[in-house]
Amino acid sequence: MKLTEQEIAQFKADGYLIRRQLIDMALLNDLRHQVKLHLQLRIPPFELEAEVGYPKAPESVDAEGGQTIRRLLLAYSRDAAFREWAKNKVVKQILQQLLDSEQVYLVQSHHNCIMTKQPQYSSKTGWHRDIRYWKFSDDLLVNSWLAMGDENNANGCLKVLPGTQRLAVNADMVDKELFLNPQHPKAKALVEAAVDVELVAGDVLFFHAGLFHAANHNQTEQAKFSLVNSYHGAGNKPLANSKSTTYEEILL
């Protein structure tokens, strides 16, 4: 899977790249089956919407909808289908070019999850960078976001602020949890240029872990599922004694 010079330049400039219909449909159907099964059986570990407390989430785990699962965690260890996708050869080839590294490592300590947006009880996520809590020697990590169904504004698709992986952020531009303040004078123009990343089943979004992104809540009657993995190259190391070293990394 050879990327064009234009695609690599676009990723460096905008911080994201979309590749359409990248997964074999048989594997995608297997992944969908596993996700629905693990949600139905409530196989741990998982994160509840009420636990994060984002806008539109249930007020507590005891409130109506309080047991709604937001993320199925540790996807790589859940089933062979998740491992097959995480180590997909085409994905690896794309990552080698985006990371400019022959060696590519899957991060198990961050993301490595199935993001779900359920009808009624899904939350809104504010503008943030994934690297806000990650601890690595540098910020060059790339996330792969596999759409397991159609993703659009109505069901809470990802939104991105192009080029913000290169943005120097002043302390007054973010809150204590490092969410961007969209009313800040320097942030307003960025938010006005936000892009809805609309995908169909089988599409994959690759985006820089330093790119500001957000998502709306699901306003439809159908659940939305996305499989998210994070990767880095050989020159980037998780810092010792940090959460980024919680689980062993996987060399692709």
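Student: Which residue in β5 is the bridge partner of R71?
Tutor: Heads-up, this is a predicted model: local features need pLDDT of at least 70, side-chain atom pairs count only at pLDDT 80 or more, and totals for chains, interfaces and linings use all residues. Residues are numbered from 1 along each chain as its sequence is written, and side-chain values use heavy atoms, leaving out hydrogens and water. β3 and β5 run antiparallel, joined by two bridges (strands are DSSP E runs of at least two residues, helices H or I runs of at least four, numbered from the N terminus; pairing takes at least two DSSP bridges). Within β5, R71 is partnered by M115.

Student: And which residue in β3 stands opposite F46?
Tutor: Strand β2 covers residues 46–48 and pairs with β3 in the antiparallel sense over three bridges. Facing F46 from β3 is L72.

Student: In the sheet β6-β11-β8-β9, which strands stand at the edges?
Tutor: The sheet is open, and its four strands pair antiparallel in the order β6-β11-β8-β9. Each edge strand has a single partner, so one side of it is left without a neighbour in the sheet; these are β6 and β9.

Student: Which residue of β9 does V160 stand opposite?
Tutor: β8 (residues 158–160) and β9 run antiparallel, with two bridges between them. Opposite V160 you'll find V195.

Student: What phi does D100 take just after α5?
Tutor: Helix α5 spans residues 89–99, with V91, I94 and L95 among its buried residues (buried is under 20% relative accessible area with a 1.4 Å probe, protein chains only). At the helix start, a side-chain oxygen of N88 comes within 2.9 Å of the backbone nitrogen of V90. Just past α5, the phi of D100 is positive, at about 55°.

Student: How many charged residues are in the lining of the largest pocket?
Tutor: The lining has 38 residues, with E47, R70, R71, H111 and R132 nearest the pocket centre. Elements giving two or more residues include β3 (69–72) and β5 (113–117). Besides 15 nonpolar and 12 polar residues (Asp, Glu, Lys and Arg count as charged; Ala, Val, Leu, Ile, Met, Phe, Trp, Tyr, Cys and Pro as nonpolar; the others, Gly among them, as polar), the charged ones number 11.

Student: What is the radius of gyration of the protein?
Tutor: The rule for a globule is 2.2 Å times the number of residues to the power 0.38, with the radius taken over C-alpha atoms. For 252 residues, a compact globule would come out near 18 Å, and the protein agrees with that at 17 Å.

How values were computed
1 Å grid on protein atoms, 1.4 Å probe; cavity = no way out; pocket = protein on both sides within 12 Å on 5 of 7 lines; lining within 4 Å. Buried < 20%, exposed > 50% of the residue type's maximum accessible area, 1.4 Å probe, protein only. Polar contact = N/O pair within 3.5 Å; in protein donor to acceptor, adjacent residues only side chain to side chain.
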